[in-house]
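Please read this briefing alongside the structure shown below. It begins with the core of the fold and then turns to the overall layout and the confidence of the model.

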Amino acid sequence: MGVAASALWGWLWPGDREYKLLLVGLDNAGKTTTLYQLQLGEVVRTQPTVGSNVETVRHRNLTFEVWDLGGQAAMRPSWATYFKATDAVFLVVDSTDRGRLQLARAEAERLLRSDDLRGAVLLVLANKQDLADAMGPAELCDALGLHAIKSHDWHIQACSAKTGAGLNEGMGWVAARVGKQKPPPPGTGPAGTAGRGGAAAAAGSGAVG
Ligand SMILES: Nc1nc2c(ncn2[C@@H]2O[C@H](COP(=O)(O)OP(=O)(O)OP(=O)(O)O)[C@@H](O)[C@H]2O)c(=O)[nH]1
Ligand SMILES: [Mg+2]
């Protein structure tokens, strides 16, 4: 890239920005466990979250500011105060919690109606897949009515925040989408974007709406 083009690109895109990611879902779904598995690669002992936790997570060449919101009933109305400028929402679902699937669905539908989340992508994490009675992603997809979502780019990913399985794939799906928001520098051609997560998108699993 020439010096002038480089300077112009740097002016237009002053450094990599952080992408904002929200972890939402009912209490006990595994949001805090997911946050620290993403950040530290290990399981931490959790307490029900009051308010929120926030940590910085790197995935490939991208930096995410990850907000973990308390999921208890009394805290769900405050989720909306975190929505502005969100790039991706992770809806964490306890795949063994059959009794509260319709409640999880109602909460998901409510948040997707928010104007502040209009441009965000949705990743549903079908968590606790390490447990024998966990529902699979296809069953969860039906129960949550995901195929009816036309307003947001969405994907469902089977995972276990306890073992870490599936989280890298989920981050890959999100990184491939939010990373597209920034154009490649002049002179780098199409390869500039291909390196930003194209392969990760192919590695994702589950249905894409
Ligand atoms: N077996 C298993 N247990 C998990 C998994 N993820 C979380 N848990 C457990 O589920 C319980 C709740 O996890 P948290 O991460 O605290 O849940 P949360 O969604 O943050 O809950 P709130 O803060 O109340 O909204 C804890 O005992 C975790 O160890 C998982 O993938 N597998
Ligand atoms: Mg929590």
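**The nonpolar core**

The largest nonpolar core (a set of buried Ala, Val, Leu, Ile, Met, Phe, Trp, Tyr and Cys residues joined through C-beta atoms within 7 Å) has 49 residues, and those with the most contacts inside it are A88, V89, F90, L91 and V124. At least two residues of this core come from each of β1 (18–24), α2 (31–40), β3 (62–69), β4 (88–94), α3 (101–112), β5 (121–127), β6 (154–158) and α5 (167–178), and α5 gives the most, with seven residues. This is a predicted model, in which local features need pLDDT of at least 70 and side-chain atom pairs count only at pLDDT 80 or more, while totals for chains, interfaces and linings use all residues. Residues are numbered from 1 along each chain as its sequence is written, and chains are lettered from A and ligands numbered from 1 in the order in which they are written.

**Contacts and burial**

- F90 touches L21, L22, L23, L123 and L125, not counting residues up to four places away in sequence, where contact requires C-beta atoms, placed from the backbone, within 7 Å.
- Among contacts between residues at least 6 apart in sequence, 73% join residues at least 24 apart.
- Of the 209 residues of the chain, 38% count as buried (20 or more other C-beta atoms within 10 Å of a residue's own, these atoms being placed from the backbone).

**Layout**

- The chain holds seven helices and six strands, taken as DSSP runs (H or I, at least four residues, for helices; E, at least two, for strands) and numbered from the N terminus.
- From the N terminus on, the elements run α-β-α-β-β-β-α-β-α-β-α-α-α.

**Confidence**

- The mean pLDDT (the predictor's confidence in each residue, from 0 to 100) of the chain is 85, and 78% of its residues reach 70 or more.
- Over residues 188–209 the pLDDT is below 50, and this stretch has 40 contacts in the model beyond near neighbours in sequence.

Technical notes:
Buried ≥ 20, exposed ≤ 12 C-beta atoms within 10 Å, placed from the backbone. Contact = placed C-beta atoms within 7 Å.
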